[in-house]
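Here's a quick briefing on the fold, strand by strand and helix by helix. Have a look at the model first, then read on.

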Amino acid sequence: MKVVAIFGLFGACRRIEFYNLRVSDVQEEGAVFVVNLKDTKTHRPRTFTILNDDSMNYTELIKKYINLRPKHVKIEKFFLFYGAGKCTCNPIGINTFGQIPRKIAKYLNLPNADQFTGHSFRRTSATILADSGADIRTLKRHGDWKSDAVAEG
């Protein structure tokens, strides 16, 4: 769940984008990971980077996740189901991605945890970017939104 949250917050990913992500779409380049979303809702590819900050070593978590992947798996999906202490050969389903924010909210004992949906990653990502001073054009590009009204919302 941590790695899904990292991708969601850095990339404002939709659950279909999590589901469609392939191993080859995630590349380590020096101290960052570059993620290429090729199969998006809007059919426009999007790229984002994941880098560390003062409080968290995000790239180490991603490396750990990648190293958990069984070597014999022929499935190209990046996100595999993790259970009983190991990764399996089964990809995570699209509906499971939609439930992850709710599970995180319940774990954190947040009020109204049942109201957290798969879209929570996109909203949170946009809010963090807006709070950092990004302009509307940057927000639209980040979330792949066409209209100002949606990005402003």
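Cysteine 89 is partly exposed, because its relative accessibility is 32% (buried means under 20% relative accessible area, exposed over 50%, and partly exposed in between, with a 1.4 Å probe and protein chains only). Keep in mind that this is a predicted model, so local features need pLDDT of at least 70 and side-chain atom pairs count only at pLDDT 80 or more, while totals for chains, interfaces and linings use all residues. Residues are numbered from 1 along each chain as its sequence is written, and side-chain values use heavy atoms, with hydrogens and water left out.

**Cysteines**

- Cysteine 13 counts as buried, because its relative accessibility is just 1%.
- How many disulfides does the structure hold? The count is zero, where a disulfide is a pair of cysteine sulfur atoms within 2.5 Å.

**The three-stranded sheet**

- Three strands make up an open sheet in the order β1-β2-β3, with antiparallel pairing; strands are DSSP runs of E with at least two residues, helices are runs of H or I with at least four, and both are numbered from the N terminus.
- The edge strands are β1 and β3, each of which pairs on one side only.
- From one strand to the next, the twist averages 25 degrees (axes are lines fitted to C-alpha atoms, for helices over the stretch in contact, and angles run from 0 to 180 degrees between N-to-C directions).
- Strand β1 (residues 26-29) and strand β2 (residues 32-37) run antiparallel and are joined by four bridges; for two strands to count as paired, DSSP has to find at least two bridges between them.
- β2 also pairs with strand β3 (residues 46-50), again in the antiparallel sense, over five bridges.
- Valine 34 is a handy landmark: glutamine 27 stands opposite this β2 residue, and valine 34 stands opposite threonine 49 in β3.
- Elsewhere along the β2 and β3 pairing, phenylalanine 33 has isoleucine 50 as its bridge partner in β3, and leucine 37 stands opposite arginine 46.

**Faces and the helix on top of the strands**

- In a regular strand, side chains alternate between the two faces of the sheet.
- Which residues of β3 are on its covered face? Those are Arg46, Phe48 and Ile50, whereas Thr47 and Thr49 make up the uncovered one.
- Helix α3 (residues 58-68) lies across β1, β2 and β3, and runs at about 65 degrees to β2.

**Hairpins**

- The hairpin of β1 and β2 has two residues between the strands, and glycine 30 takes a positive phi there, near 70 degrees.
- Alanine 31 is also in the loop between β1 and β2, and counts as exposed because its relative accessibility is 59%.
- The C-alpha atoms of alanine 31 and leucine 21 are 21 Å apart, with the two residues separated by 10 along the chain.
- A second hairpin comes from strand β4 (residues 80-83) and strand β5 (residues 86-91), which pair in the antiparallel sense over three bridges.
- Tyrosine 82 has cysteine 87 as its bridge partner in β5.
- Between β4 and β5 there are two residues, and in this hairpin alanine 84 takes a positive phi near 55 degrees.

**Positive phi in loops**

- Histidine 43 is in the loop between β2 and β3, and its phi is near 65 degrees, a positive value in a residue other than glycine.
- Is histidine 43 buried or exposed? Histidine 43 is exposed, because its relative accessible area is 68%.
- Asparagine 109 sits in the loop between α4 (94-107) and α5, with a positive phi near 55 degrees in a residue other than glycine.
- Asparagine 109 is exposed too, with a relative accessible area of 68%.

**Helix α1 against helix α5**

- The axes of helix α1 (residues 2-11) and helix α5 (residues 120-131) come within 7 Å and cross at roughly 50 degrees.
- That angle makes α1 oblique to α5, because angles under 35 degrees count as roughly parallel, over 145 as roughly antiparallel, 65 to 115 as roughly perpendicular, and the rest as oblique.
- On the α1 side, the contact is made by Val4, Ala5, Gly8, Leu9 and Phe10, and on the α5 side by Phe121, Thr124 and Ser125 (contact means heavy atoms within 4.5 Å).
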